[in-house]
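Colleague: Hi! I'm new to this one and would love a quick tour. Could you pull it up for me?

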Amino acid sequence: MTVHTGRHFLQIPGPTNVPDRVLRAMDMPTMDHRGPEFAEIGFAVLAAMQRVFRTNQPVIIYPSSGTGAWEAAIVNTLAPGDKVLMAETGQFAVLWRGIADRFKLDVDFIPGDWRHGADLAQIEARLSADKAHKIKAVCVVHNETSTACVTDPRAVRKIMDDVKHPALLMVDTISGLGSLEYEHDAWGIDVSVAGSQKGLMLPPGLGFNVISDKALAASKQARLPRAFRCGSLPARCPHRRLPARRARATGGARSPARSGRPLRDRQRGWPKPMRARADARGTPVDLPRTTSRSPGVQADRKAQHRACDPAPR
Ligand SMILES: Cc1ncc(COP(=O)(O)O)c(C=O)c1O
């Protein structure tokens, strides 16, 4: 058996390394997750998360990975056969589409080359052509962790407003939140989807949804099978939308959503910047075209090949 000494240091764009003070905040005896002490923490955490998402809308926290938050966004707002517009920006967009397929949604998946953010011209064309408003949701990945391609949710919102399309705007900001600028309310997002283990620098295991009034109204019509509901949000009952486990860690997180500080810069002790290492190897970096390059994740073509190719190189 190999014995590793010292601290394991992850060098991936998430899970990120968890700061010591967050680890210390979690180091406490189990508390009654239905009791008053937890309620107090719960309200503080939900209020803090509203500040992170820059919203006055309800934040829902699921005991799930980001995948669970993807699923929650879909099952809480849509019905079988609903048409959704999604855009291929990388592996995570493909996986989110897979969930929509499994719930028997009618997915219009705008193809992409994994070197750009979502194709805005195609989104505009599809929405303009949809005079009957059959498209119920437009889903984009804000910060595509697999390709470092960014899609600006504001640009998608503007298109939807310009063509007066009433679909919900759902944004996966799983690695965007806390790493890139993000404003749920000001940007007119209907469902924000996030996870704990990226820009928030918490352990994996918490999924987040933030919902607009329009999404809350849509949840009343939603007819997909679901275990986690966002439809009834009891104001005085935080345990209904916040798992006790790791709540304290969430409370310990300090993540100004506006700072846009790259994940890379937030990794203290990062041995040598990825860009310098890739340059030294003579491999191209920054796969995405400049217009959609992420300030939060850096891509390395060689590393991507290693990750994606079945045969090792
Ligand atoms: C952009 C994006 N979306 C979705 C996911 C899926 O989240 P999880 O692996 O926590 O299920 C990830 C995870 O890396 C991600 O980076």
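Colleague: Which strands does helix H4 lie across?
Modeller: Helix H4, residues 91-102, lies across strand S2 (83-87), S3, strand S4 (135-141) and S7. Its direction is at about 165° to S2. One thing to keep in mind from the start is that this is a predicted model.

Colleague: Good to know. How many helices and strands are there in the protein?
Modeller: The protein has 11 helices and nine strands. Of its 313 residues, 42% count as buried.

Colleague: And what order do the strands of the open sheet come in?
Modeller: The open sheet has seven strands in the order S1-S9-S8-S7-S4-S2-S3, and the pairing is mixed. At the edges are strand S1 (59-62) and strand S3 (106-110), each of which pairs on one side only. On average, neighbouring strands of this sheet are turned by 20° against each other, direction ignored.

Colleague: Back to helices for a second. Which strands does helix H6 touch?
Modeller: Helix H6, residues 153-162, packs on the sheet and touches S4 and S7. The direction of H6 makes about 170° with that of S7.

Colleague: Let's look at S8. Is it buried or exposed?
Modeller: Five of the five residues of strand S8 (residues 191-195) are buried, so S8 is largely enclosed by the rest of the structure. Both of its faces are covered. Val191, Val193 and Gly195 are buried on one side, and Ser192 and Ala194 are buried on the other.

Colleague: How many bridges join S8 to S9?
Modeller: Five bridges join S8 to strand S9 (residues 207-211), and the two strands run antiparallel. Within that pairing, alanine 194 has phenylalanine 208 as its bridge partner, and valine 193 stands opposite asparagine 209.

Colleague: What about S7, in which sense does it pair with S8?
Modeller: Strand S7 (residues 168-172) pairs with S8 in the parallel sense, over three bridges. There, methionine 170 stands opposite valine 191.

Colleague: Valine 193 caught my eye. Which residues does it touch?
Modeller: Not counting residues up to four places away in sequence, valine 193 touches Ala69, Trp70, Ala73, Met170, Val171, Asp172, Thr173, Ile174 and Asn209. Val193 also belongs to the largest nonpolar core, which has 67 residues. The members of that core that touch the most other members are Ile123, Val138, Met170, Val193 and Phe208.

Colleague: Ala69, Trp70 and Ala73 are on that contact list. Which residues of H3 are buried?
Modeller: Those three are among them, and the full set is Gly66, Gly68, Ala69, Trp70, Glu71, Ala72, Ala73, Ile74 and Val75. With nine of its 10 residues buried, helix H3 (residues 66-75) is largely enclosed by the rest of the structure. The buried residues of H3 pack against S1, H4, S7, S8 and S9.

Colleague: New topic: which residues are around the ligand?
Modeller: Around the ligand are Gly14, Ser65, Gly66, Thr67, Phe92, Val141, Thr145, Asp172, Ile174, Ser175, Gly195 and Pro204. This shell divides into four nonpolar, seven polar and one charged residue.

Colleague: Anything odd in the loops? Which loop holds alanine 148?
Modeller: Alanine 148 is in the loop between strand S5 (143-144) and strand S6 (149-150). Alanine 148 has a positive phi of about 65° although it is not a glycine. It has 26 C-beta neighbours inside 10 Å, so it counts as buried.

Colleague: And where is methionine 201 found?
Modeller: Methionine 201 is found in the loop between S8 and S9. Methionine 201 has a positive phi too, of about 55°, although it is not a glycine. With 24 other C-beta atoms within 10 Å, methionine 201 is buried.

Colleague: Last one: why does glutamate 88 count as partly exposed?
Modeller: Glutamate 88 is partly exposed because it has 19 other C-beta atoms within 10 Å, and a residue needs 20 or more to be buried. Glutamate 88 is found in the loop between S2 and H4. Leaving aside neighbours within four places in sequence, glutamate 88 is in contact with Ala93, Val94, Phe109, Ile110, Pro111 and Gly112. Glutamate 88 and tryptophan 114 are 26 residues apart in sequence and 7.2 Å apart in space, C-alpha to C-alpha.

Notes: Residues are numbered from 1 along each chain as its sequence is written. This is a predicted model: local features need pLDDT of at least 70, side-chain atom pairs count only at pLDDT 80 or more; totals for chains, interfaces and linings use all residues. A residue is buried if 20 or more other C-beta atoms lie within 10 Å of its own, exposed if 12 or fewer, and partly exposed in between; C-beta atoms are placed from the backbone. Helices (H or I, at least four residues) and strands (E, at least two) are DSSP runs, numbered from the N terminus. Two strands pair if DSSP finds at least two bridges between them. A residue is near a molecule or strand if its C-beta atom, placed from the backbone, lies within 6 Å of it. Ala, Val, Leu, Ile, Met, Phe, Trp, Tyr, Cys and Pro count as nonpolar, Asp, Glu, Lys and Arg as charged, and the others, Gly among them, as polar. Axes are lines fitted to C-alpha atoms, for helices over the stretch in contact, and angles run from 0 to 180 degrees between N-to-C directions. Two residues are in contact if their C-beta atoms, placed from the backbone, lie within 7 Å. A nonpolar core is a set of buried Ala, Val, Leu, Ile, Met, Phe, Trp, Tyr and Cys residues joined through C-beta atoms within 7 Å.
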